[in-house]
Amino acid sequence: MAPETEVNRDEFGISGEYQYGFSDTEKPIFKAEKGINHEIVEQISEIKNEPDWMRVFRHDALDIFFSKPRPKWGDVDLLNSIDFDNIYYYLKPVEEQGKTWDDVPEDIKNTFDRLGIPEAERKFLAGVSAQYDSEVVYHSMQEQLEKQGVIFLSMDDGLREYEDLVKEYWATAIPPADNKFAALNSAVWSGGSFVYIPKGVEVDIPLQAYFRINAENMGQFERTLIIADEGSRVHYIEGCTAPTYAADSLHSAVVELFALPGSHLRYTTIQNWSKNVFNLVTKRAVAHENATVEWVDGNLGSKLTMKFPCVYLVGEKAHAEILSIAFAGDGQHQDAGAKIYHAAPDTTSRITSKSISKDGGRASYRGMVKVYPDAVGSKVHVECDALLMGENSRSDTYPTMEIAEEQVQVEHEARVSKVGDEQLFYLMSRGLTEEEALVMVVNGFVEPFVKELPMEYAVEFNRLIQLEMEGSVG
Amino acid sequence: MSDNGHPLFEVENLKVAIDGNEILRGVDLTINEGEIHAIMGRNGSGKSTMANVVMGHPAYEVLEGSVKYKGKDVLELDTDERARLGMFLAFQYPMSIPGVTVAKFLHSALKARAEGGDVPVREFRVNLNKAMDLLGVDSSFASRYVNDGFSGGEKKRLEILQMFVLEPTLCILDETDSGLDIDALKTVAEGVNALRSEQRAMLLITHYQRVLNYVEPDVVHVMMDGKIVRTGGIDLAEALEEKGYEWIEQELFHDTDDATSAEAAQA
């Protein structure tokens, strides 16, 4: 594969354009304006110097976006409050945003402090600095991967360097017409990752988007495409536990995964957007014969998250795991869940959804399991577990099951629990303060999720839960 | 009864209600350092209420009286403060904490009471393993989730294990013996005996005399209707075993009768 070099980046790379182009008034500047129209889409495509099919794809998607109504389900009031005309659809250089460290909200700064995040990284995470010194990490990782023939690039670079491969899979799992937000992403996408794992290659270190993205900028409309070729194995990690401050209030990503026969593909997300953000993401995977796809999805921040990772089991004995956790605090609605389509015999799936609603926060599980005729011998296991804390917290479950085949095994369990006085009394009788006791119960509750994370993420995640729980005890 | 110990635990005229119902109606009890006391009584006599109140359960309302530990009134203290002072309750119905391993739970509990809040993991592990060996508990115990899916006997063993590791000065065991088969009962009893020391005091709350075959108490109390109505030695427990609680009831009834008639005579 072509190595990603600095030269390459500066001359053609979109990251180069973000980092340097816009801040230099001598160069032509993309005039960022609010709202969305064909002109903006045309400009985005032009700046990226995209092939014609992508340009056309964007315009078509924009028409679909215009023609589709907003969803009439879910948190309709919040969804209707999104003002599409008041959003920037293309990343703006730092200076244009006019954002400084002083503009970053206190609570976010405090959290950085508490998490012990280094200064440079804080500025990046807060969107103040476009660059965080992780290029070194990224490049040393790249060298290792190149030896195995693994491609791990930004989506923009991926399209430029591997156009045919991208085109073959692009939008085949999530066509723009899938939903209004997927259409929007298709029209204005920028950033995200392109990953290809060759046949039989097992990548033993997790691919961390964190390092790659930090080398550019945080995407609002990321687009990620991962292809695990036959018999390969990969774990991709998106996000980090630190709160991600976004001045722009809409984040709408599209992620497509393709697990070819016998491959094993895990996608882990930890998102902690600042509490002004609408996080409306479409994630879908296609699992072929004997392939396994695992979505591990953690959502902590945002005002409203709607995210239902999906797996199409299209080959015999394909397997899907969707493990998610949502933490909804005051003023937050986490509308998360999972979708699985059993379209081949002997396919199996397991959905484990955990949610915590605290201080009036709201968490919903929304799930769809569909078993097509002839998907004989399929097995489905769905488990929803909700923990309620404080007054007025809310948890809802909306499970949908459409089973068109008789010879299947379907299990569904749902539980709602509260942290009980008896549990707290028990822990306190061993010397833990009330807050420590509460944190322990909550950490235990999220343990099935946390134990799936790499160590450093697990530690951070637990600390974050601890921070979220602070002041919970009156 | 050892008579050289100082009072470690003193309950005076303790009256307690839950949901407006008075459960304890003036309990008096003093346990000296080094002593083991047993409180026997039927279900509903107030034994468990007493254990929970002493530890500060939020559901109970103390109407009157005092509970002193090492001379200090603890009723105003939070449950965790009492625990850190060295008070311990082995629960009748231990709670499960899914997702939290026994090891993590115990380590956190130790850290909570350690000065500076730190207990090195290695040191902790060594102590935990030692305690598990002593109690004949399988080493896999440490990595299981606290009481989650435990059998009744395992739960009680875990309570004793906690007692071992936390080394409290006052141990209250609330029906730790109930529902155990003979082997589990022996384990629990061995644990209690091993912890017996000159500084430590223990209170065994029990329904049956059976456990007292393995742990010999210095003092036996009988609780009825929210009061301690009889106090004696091991012979009291033996008498209960033989005659049941009825004979005490009859005696009490007789006492009350006398009192009533005495009052009547005075009137």
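## Exercises on a two-chain model

The crossing of α4(A) and α12(A) is left-handed. This model is a predicted one, and the exercises below walk through both of its chains.

### Exercise: a helix pair in chain A

**Task.** Work out which relative direction α4(A) and α12(A) have, and find the residues that make their contact.

**Solution.**
- Begin with the geometry: the axes of α4 (residues 52–67) and α12 (residues 180–188) of chain A come within 7 Å, crossing at roughly 150°.
- An angle over 145 degrees counts as roughly antiparallel, so α4(A) is roughly antiparallel to α12(A).
- Now look at the contact itself. From α4(A) come Phe57(A), Arg58(A), Ala61(A), Leu62(A), Ile64(A) and Phe65(A), while α12(A) brings Lys180(A), Ala183(A), Leu184(A), Ser186(A) and Ala187(A).
- Sort these residues by class and you get 8 nonpolar, 1 polar and 2 charged.

### Exercise: the loop before α4(A)

**Task.** Asn49(A) has a positive phi although it is not a glycine; say where Asn49(A) is found and whether it is buried or exposed.

**Solution.**
- The phi value of Asn49(A) is about 55°.
- On the chain, Asn49(A) sits in the loop that links α3 (38–47) to α4 of chain A.
- Count the neighbours: 12 other C-beta atoms lie within 10 Å of Asn49(A). The cut-off for exposed is 12 or fewer, so Asn49(A) is exposed.

### Exercise: the eight-stranded sheet

**Task.** Trace the strand order of the 8-stranded sheet in chain A and name its edge strands.

**Solution.**
- Follow the strands across the open sheet of chain A: β3-β5-β8-β10-β13-β15-β17-β19, with parallel pairing.
- At the edges are β3 (207–208) and β19 (408–418) of chain A, each pairing on one side only.
- Take one pair within the sheet: β10 (residues 292–299) and β13 (residues 319–328) of chain A run parallel and are joined by 8 bridges.
- For a check on the register, locate Glu294(A), whose bridge partner in β13(A) is Glu321(A).
- Finally, add a helix. α15 (residues 434–450) of chain A packs on the sheet and touches β10, β13, β15 (348–358) and β17 (378–389) of chain A. The direction of α15(A) makes about 155° with that of β15(A).

### Exercise: from α15(A) to chain B

**Task.** Find which element of chain A gives the most residues to the side that touches chain B, then describe how α14(A) and α15(A) cross.

**Solution.**
- Set the scene with the contact between the chains: 19 residues of chain A meet 22 residues of chain B.
- Helices α14 (421–428) and α15 of chain A each supply at least two residues of the chain A side.
- The most comes from α15(A), with 8 residues.
- Classify that side of chain A, and the result is 8 nonpolar, 6 polar and 5 charged residues.
- Turn to the two helices. The axes of α14(A) and α15(A) come within 9 Å and cross at roughly 115°, and the crossing is right-handed.
- In α14(A), look for Gln423(A), Leu424(A), Leu427(A) and Met428(A); they meet Glu434(A), Ala437(A), Leu438(A), Met440(A) and Val441(A) of α15(A).
- The classes in this helix contact are 7 nonpolar, 1 polar and 1 charged.

### Exercise: an antiparallel sheet in chain B

**Task.** Give the order of the 4-stranded open sheet in chain B and state what is left at its edges.

**Solution.**
- The order is β2-β1-β4-β5 of chain B, and the pairing is antiparallel.
- The edge strands, β2 (21–32) and β5 (72–73) of chain B, each have a single partner strand, so one side of each lacks a neighbour in the sheet.
- Inspect β1 (residues 7–18) and β4 (residues 61–69) of chain B: they pair in the antiparallel sense over 7 bridges. Glu10(B) stands opposite Lys68(B) in β4(B).
- Lying across β1, β2 and β4 of chain B is helix α1 (residues 47–55) of chain B, which runs at about 75° to β2(B).

### Exercise: a positive phi in chain B

**Task.** Locate Asp225(B) and determine its exposure class.

**Solution.**
- Asp225(B) is in the loop between β11 (219–224) and β12 (227–232) of chain B.
- The phi of Asp225(B) is near 50°, a positive value in a residue other than glycine.
- Asp225(B) counts as partly exposed because it has 15 C-beta neighbours inside 10 Å.

Notes. Residues are numbered from 1 along each chain as its sequence is written. Chains are lettered from A and ligands numbered from 1 in the order in which they are written. This is a predicted model: local features need pLDDT of at least 70, side-chain atom pairs count only at pLDDT 80 or more; totals for chains, interfaces and linings use all residues. Two strands pair if DSSP finds at least two bridges between them. Two residues are in contact if their C-beta atoms, placed from the backbone, lie within 7 Å. Axes are lines fitted to C-alpha atoms, for helices over the stretch in contact, and angles run from 0 to 180 degrees between N-to-C directions. Angles under 35 degrees count as roughly parallel, over 145 as roughly antiparallel, 65 to 115 as roughly perpendicular and the rest as oblique. A crossing is left-handed if the near helix is turned anticlockwise from the far one by less than a right angle, and right-handed if clockwise. Ala, Val, Leu, Ile, Met, Phe, Trp, Tyr, Cys and Pro count as nonpolar, Asp, Glu, Lys and Arg as charged, and the others, Gly among them, as polar. A residue is buried if 20 or more other C-beta atoms lie within 10 Å of its own, exposed if 12 or fewer, and partly exposed in between; C-beta atoms are placed from the backbone.
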